[in-house]
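Here are some short exercises to work through with the model open beside you. Try each task yourself, then compare your steps with the solution.

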Amino acid sequence: MSDKNNIRELQATLPANVKLIAVSKTHPPDRVLEVYRLGQRCFGENKVQELVPKYQALPKDIEWHMIGHLQTNKVKYIAPFVSLIHSVDSLKLLQEINKQAERCNRIIPVLLQIHIASEETKFGLSADEAEGLIKDFNIKNLNHIKITGLMGMATYTDDTSTIRKEFSGLKTLFEKFKAYTLSGRIEMTELSMGMSHDFRIALEEGSTMVRIGSAIFGAREA
Ligand SMILES: *Cc1c(COP(=O)(O)O)cnc(C)c1O
């Protein structure tokens with residue numbers, strides 16, 4: 001296994017307009033640094049308690065993405081530096097991100113996480129809930145947030161037709177939500193979908209950001 005070959009191969013596979021987020025969860029900072037030295041600058045983590053120490057330990061030109069479920073009481077720890085939060089799934093969370101972003105004098109870009117998988121355990125909003133949230137966002141003055149797109153995780157299965165259907169449904173919703181564009185506040189430009197086992201399908205269905213962990217760093221310990 002080699003980070004170098006994995007990264008090179010991914011960089012060669014991904015279209016230029018697709019952003020690679022190297023998901024470094026569970027891997028220590030020195031592993032992240034190895035991948036950083038291969039040119040990768042964008043990393044994703046799914047836990048605040050892992051994200052903050054890595055931010056502190058690693059070079060400051062890294063773009064950190066929060067891709068996992070986010071509790072409102074932890075937003076304050078990542079608000080000063082996070083580049084994009086992929087996992088917004090409630091108005092309460094939006095309001096807290098707005099409050100903490102205002103404190104930091106920043107505008108924090110976020111994606112709405114949509115529930116597209118058949119599994120019940122995965123977080124996310126239904127299409128109707130997401131539309132409701134966008135309307136609420138418009139009414140409230142959440143001026144320190146910019147909604148830049150959607151994120152979704154497909155069912156974990158070998159059945160590629162199921163995965164494709166879920167990604168294509170998310171893409172359809174993404175296109176529909178472009179109608180809510182509000183200059184500087186809602187701009188649907190990013191579609192975060194695709195992980196190690198399904199990113200090729202995600203790319204074919206219009207992904208603009210892939211979140212890849214094990215195909216770069218190798219399998220995580222259980
Ligand atoms: C862990 C994780 C990934 C990456 O998973 P791999 O299968 O290792 O590529 C992507 N997205 C989210 C939200 C994750 O938690």
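**Exercise 1. A serine side chain**

How far does the backbone oxygen of Met209 lie from a polar atom of the side chain of Ser207?

Before the solution, two notes on the source. This is a predicted model, where local features need pLDDT of at least 70, side-chain atom pairs count only at pLDDT 80 or more, and totals for chains, interfaces and linings use all residues. Residues are numbered from 1 along each chain as its sequence is written, and side-chain values use heavy atoms, with hydrogens and water left out.

Solution.
- Step 1: Find Ser207 in the loop between helix 8 (199-204) and strand 8 (209-212). Helices (H or I, at least four residues) and strands (E, at least two) are DSSP runs, numbered from the N terminus.
- Step 2: Go from the Ser207 side chain to the backbone oxygen of Met209: the distance is 3.1 Å.
- Step 3: Look for a second partner, and you will find the backbone oxygen of Met193 at 2.8 Å from a polar atom of the Ser207 side chain. A polar contact is a pair of N or O atoms within 3.5 Å; within protein, one must be able to donate a hydrogen and the other to accept it, and residues adjacent in sequence count only if both atoms are side-chain atoms.
- Step 4: Classify Ser207: it is buried because its relative accessibility is 5%. Buried means under 20% relative accessible area, exposed over 50%, and partly exposed in between (1.4 Å probe, protein chains only).

**Exercise 2. The ligand and its surroundings**

Describe which residues surround the ligand and which polar partners Arg211, Gly213 and Arg220 offer.

Solution.
- Step 1: List the shell: Val23, Lys25, Ile67, Met153, Met195, Ser196, Arg211, Ile212, Gly213, Ser214 and Arg220. A residue is near the ligand if one of its heavy atoms lies within 4 Å of it.
- Step 2: Sort the shell by class, which gives five nonpolar, three polar and three charged residues. Here Ala, Val, Leu, Ile, Met, Phe, Trp, Tyr, Cys and Pro count as nonpolar, Asp, Glu, Lys and Arg as charged, and the others, Gly among them, as polar.
- Step 3: Pick out the polar partners. The side chain of Arg211 places an N or O atom 2.9 Å from a nitrogen atom of the ligand. For Gly213, a backbone N or O atom is 2.8 Å from a ligand oxygen atom. The side chain of Arg220 has an N or O atom 2.7 Å from an oxygen atom of the ligand.
- Step 4: Check the cover: the ligand taken alone exposes 390 Å², and the protein buries 92% of that. These accessible areas come from the Shrake-Rupley method with a 1.4 Å probe; for residues, only the protein chains shown count as cover.

**Exercise 3. Positive phi without glycine**

Which phi values do Thr26 and Asn105 have, and where do these residues sit?

Solution.
- Step 1: Recall the usual case: most residues other than glycine have a negative phi.
- Step 2: Take Thr26, which is not a glycine yet has a positive phi of about 75 degrees. Thr26 belongs to the loop between strand 1 (19-23) and helix 2 (29-37), and it counts as partly exposed because its relative accessibility is 48%.
- Step 3: Turn to Asn105, also not a glycine, with a positive phi of about 60 degrees. Asn105 lies in the loop between helix 5 (91-103) and strand 5 (108-114), and it is exposed because its relative accessible area is 68%.

**Exercise 4. Sequence and space**

Compare separation along the chain with C-alpha to C-alpha distance for Val18 and Arg211, and for His65 and Arg164.

Solution.
- Step 1: Val18 lies in the loop between helix 1 (3-13) and strand 1. Val18 and Arg211 are 193 residues apart in sequence and 11 Å apart in space.
- Step 2: His65 is in strand 3 (residues 63-66). His65 and Arg164 are 99 residues apart in sequence and 25 Å apart in space.
- Step 3: Classify both starting residues: Val18 is buried at 10% relative accessible area, and His65 is buried at 1%.
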